[in-house]
Amino acid sequence: MKKRIICLMTIATMLSTLLATGCGATGTASDFTISDELTDTQELGYSVGDTLSDPDKFVGENNPISSVTFFADPTSVEYEGRLYVYGTNDNEQYDAGTGNDENTYGSIGSLVCYSTDDMVNWTYECTIEVTEIATWAGCSWAPSIVSRETSSGKTEFYLYFANASSGIGVLKSDSPTGPWEDPIGAALIDNSTGALADDPVYWCFDPGVVIDENGVGWLAFGGGSAVHDDEDGMYTGNCRIVKLGDDMISLDSEIVKVPAVYHFEANELNYINGTYVLTYCSNYEDRYKWSSYGSDEEAPTTCSMVYMTSTDPLNPDSWVYGGEYLSNPSNYGFSFSNNHSHLQKFGDNYYILYQTVMLLDNMGSSASGYRSIGVDLIEVDEETVTISPATMTREGVEQLKDLDAFEVNQAETAVTTAGVSYYTSEGRTFVTSISDGDWSAVSSVDFGNGANAFAATVRGKGIIEVRLDSADGNVVGSVQFETGSDFKTIVCTLDKTISGTHDLYFVFGGSFVFDEWQFAYISDETVSGLSVSTNNGKVKLSWNLSTDSEYTVYYRRSSSSEWNVAGSTKKSAVNISGLTSGITYQFVVKNSTSSTDIVTTTLS
């Protein structure tokens, strides 16, 4: 296999030089780009076992976005056509516990990042070890991220986080996945900062950041119960907002109190049509004072997501209550849990990212409070800056586009998995914890006109079976391997050519880690035997018919370096007219992977 691919690449290089008119492949042939070193699969006796693992995220359901990781308090940023979603790493607390305990959040010092470009297949990008970067912090909760382009064209990312309930920190990076740095070396905000020294918030946490159309950054934060005698459940006094400095890591205004009704936690900011939109989770207090507020909206239900708007965020009187747009998960058929959401426009749609304990419930676990992030559509009227009530579902959203089988794809990209986990080491992120019968699924993979070869980069020993449309579907190919301690890219020829769009399943046996994969269409059918004859000013070309039967005919004057296209055909012969008598011509014929020798004749 390896030698054949190298040969085809040589042919492609020759054609690129030979046919200067730019004759390309027909779209069916492709080479592997996953690695320069390819190793053929072997018959080693590995199998996947008789029983397949059960998934914790059910097949046919697109929520939650990860079947592997508990994470919560979603925030997101778009970059180069991908949406990056960040959340509190509940999995860290889960791993520190007994597996049947309650999530107390105290052991969480990291954040998790996933990304997507189709809203259904999600790639685990990294775990951000916040307390190892910001060594002054003891915890890392409730992130909020924003990006901006500098005058030099570089994109900077600022990731704000809560150090438990005692302060707000910020990390900075030139990439949405890091590496991250702590540009301050201390909290950006805590209860000793500015006006907070005399009027603290109950919880100094849950940052929400946005940059407006003028390039100015804003940060909302705070939560908890009322602190002062003149505050109550309706006006807790714990929601604050501040203008950020040009460097995004300093403050450029007084910290101002936002009169957010029934405010509790989960602050996020958006900027829509010149308007600042504050979203937050309402508290558990009685709503008996609501009639005194004077709003046409109904009082928010307990632990629901609501919003307020302003065009002058440092003016407390400018904030207007917009209403409830997302109830507690228990109102959508899920278990009761705390609430946190983020509003994100991606492409032409607005999406609402939120948290539930859906994955934990799917597992049938006796633990509690370990959350997962889901996503659904939400309707936002940009002209009036109003948000319509949304919902939380298991089905989630529709896939925006098919995944390209011929690209190099990360193994930790999936719609759902069974039995595996993800890990990062030495610059690689990969699928690990693999046992016999475990599997991973990718939704709506486009194989185009056909793929007949598969490659996987792995380390360890075992087997990957390629199956279509279900975990127990037909096996169309497999790679077996024993790589030792090194990563190697293993290739196989598929049992048949796969075309069109399919759900793709990788089913595992053995003990190994899986890094990335790619499909290709490899053809060793060559076109040959070109001959030429002339008669009465006409040229007849003929050649040997191959199974790859789409041919393109090229010609040029022997004194010229530029080739011309005479036409394409599925036959093995063609007549060419309209050439000039007495001129010597050269001819060549190619199919998708090869070309004939050049033949020369002088037209009589």
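**Exercise 1. Find Cys-303 in this predicted model and work out where it sits and whether it is buried or exposed.**

Step 1: place the residue. Cys-303 is in the loop between E15 and E16.

Step 2: check the backbone. Phi of Cys-303 is about 55°, a positive value, although the residue is not a glycine.

Step 3: check the cover. The relative accessible area of Cys-303 is 0%, so this residue counts as buried.

Step 4: look for another case. Ser-444 also isn't a glycine, and its phi is positive too, near 50°. Ser-444, though, is found in strand E29, residues 439–446.

**Exercise 2. In what order do the strands E14, E15, E16 and E17 line up, and which of them stand at the edges?**

Step 1: read off the order. The 4 strands make an open sheet, E14-E15-E16-E17, with antiparallel pairing.

Step 2: pick out the edges. Strand E14 (263–272) and E17 each have a single partner strand, so one side of each has no neighbour in the sheet.

Step 3: add the twist. From one strand to the next, it averages 25°.

Step 4: zoom in on one pairing. Antiparallel E16 and E17 share 5 bridges. Within this region, Val-306 stands opposite Glu-324 in E17.

**Exercise 3. Stay with E17 and describe the surroundings of Gly-323: which residues does it contact beyond its sequence neighbours?**

Step 1: locate the glycine. Gly-323 belongs to strand E17.

Step 2: judge its exposure. The cut-off for buried is under 20% relative accessible area. Gly-323 comes in at 1%, so it counts as buried.

Step 3: list the contacts. Setting aside neighbours within four places in sequence, Gly-323 touches Glu-297, Met-305, Val-306 and Tyr-307.

Step 4: look further along the chain. Ser-388 is 65 residues from Gly-323 in sequence, yet their C-alpha atoms are 8.8 Å apart in space.

**Exercise 4. Which parts of the chain does the aromatic pair of Trp-290 and Tyr-321 tie together?**

Step 1: start with the whole structure, where a search turns up 36 aromatic pairs.

Step 2: get the geometry of this pair. The ring centres of Trp-290 and Tyr-321 are 5.2 Å apart, and the planes make an angle of 70°. Over 60 degrees counts as edge-to-face, and that is the class of this pair.

Step 3: place both residues. Trp-290 is in the loop between strand E15 (275–282) and strand E16 (305–310), while Tyr-321 is in strand E17 (residues 320–326), so the pair ties together parts 31 residues apart in sequence.

Step 4: check burial. Trp-290 is at 10% relative accessibility and so counts as buried. Tyr-321, at 7%, is buried as well.

Step 5: look at other rings. Ring pairs link a cluster that includes Phe-447, Phe-481, Phe-508 and Trp-517. Two arginines are worth a look too: the charged end of Arg-287 sits over the ring of Tyr-262, 4.3 Å from its centre, and Arg-428 lies over the face of Phe-487, 4.0 Å from the ring centre.

**Exercise 5. Which strands pair with E36, and over how many bridges?**

Step 1: take E37. Strand E37 (residues 564–569) runs antiparallel to E36 and is joined to it by 5 bridges. Tyr-554 has Val-565 as its bridge partner in E37. The two strands form a hairpin, with 6 residues between them.

Step 2: take E39. Strand E39 (residues 584–590) pairs with E36 over 6 bridges, again in the antiparallel sense. Here Thr-552 stands opposite Lys-590.

Step 3: check the cover. E36 spans residues 551–557, and 5 of its 7 residues are buried.

**Exercise 6. Where are the cis peptide bonds at Pro-64 and Pro-179?**

Step 1: take Pro-64. The bond joining Asn-63 to Pro-64 is cis, with omega about -5°. Pro-64 lies in the loop between strand E1 (38–40) and strand E2 (72–79).

Step 2: take Pro-179. From Gly-178 to Pro-179 the peptide bond is cis, with omega near 10°. The loop between strand E8 (167–173) and strand E9 (189–190) holds Pro-179.

**Exercise 7. How many helices and strands does the protein chain have, and what share of its residues is buried?**

Step 1: count the elements. There are 4 helices and 40 strands.

Step 2: get the burial. Of the 604 residues, 53% are buried.

Technical notes: Residues are numbered from 1 along each chain as its sequence is written. This is a predicted model: local features need pLDDT of at least 70, side-chain atom pairs count only at pLDDT 80 or more; totals for chains, interfaces and linings use all residues. Side-chain values use heavy atoms; hydrogens and water are left out. Rings of Phe, Tyr and Trp (its six-membered ring) pair if their centres lie within 6.5 Å; planes under 30 degrees apart count as stacked, over 60 as edge-to-face and the rest as tilted. Buried means under 20% relative accessible area, exposed over 50%, partly exposed in between (1.4 Å probe, protein chains only). A charge sits over a ring if NZ of Lys or CZ of Arg is within 6 Å of the ring centre and within 35 degrees of the ring normal. Two strands pair if DSSP finds at least two bridges between them. Axes are lines fitted to C-alpha atoms, for helices over the stretch in contact, and angles run from 0 to 180 degrees between N-to-C directions. Contact means heavy atoms within 4.5 Å.
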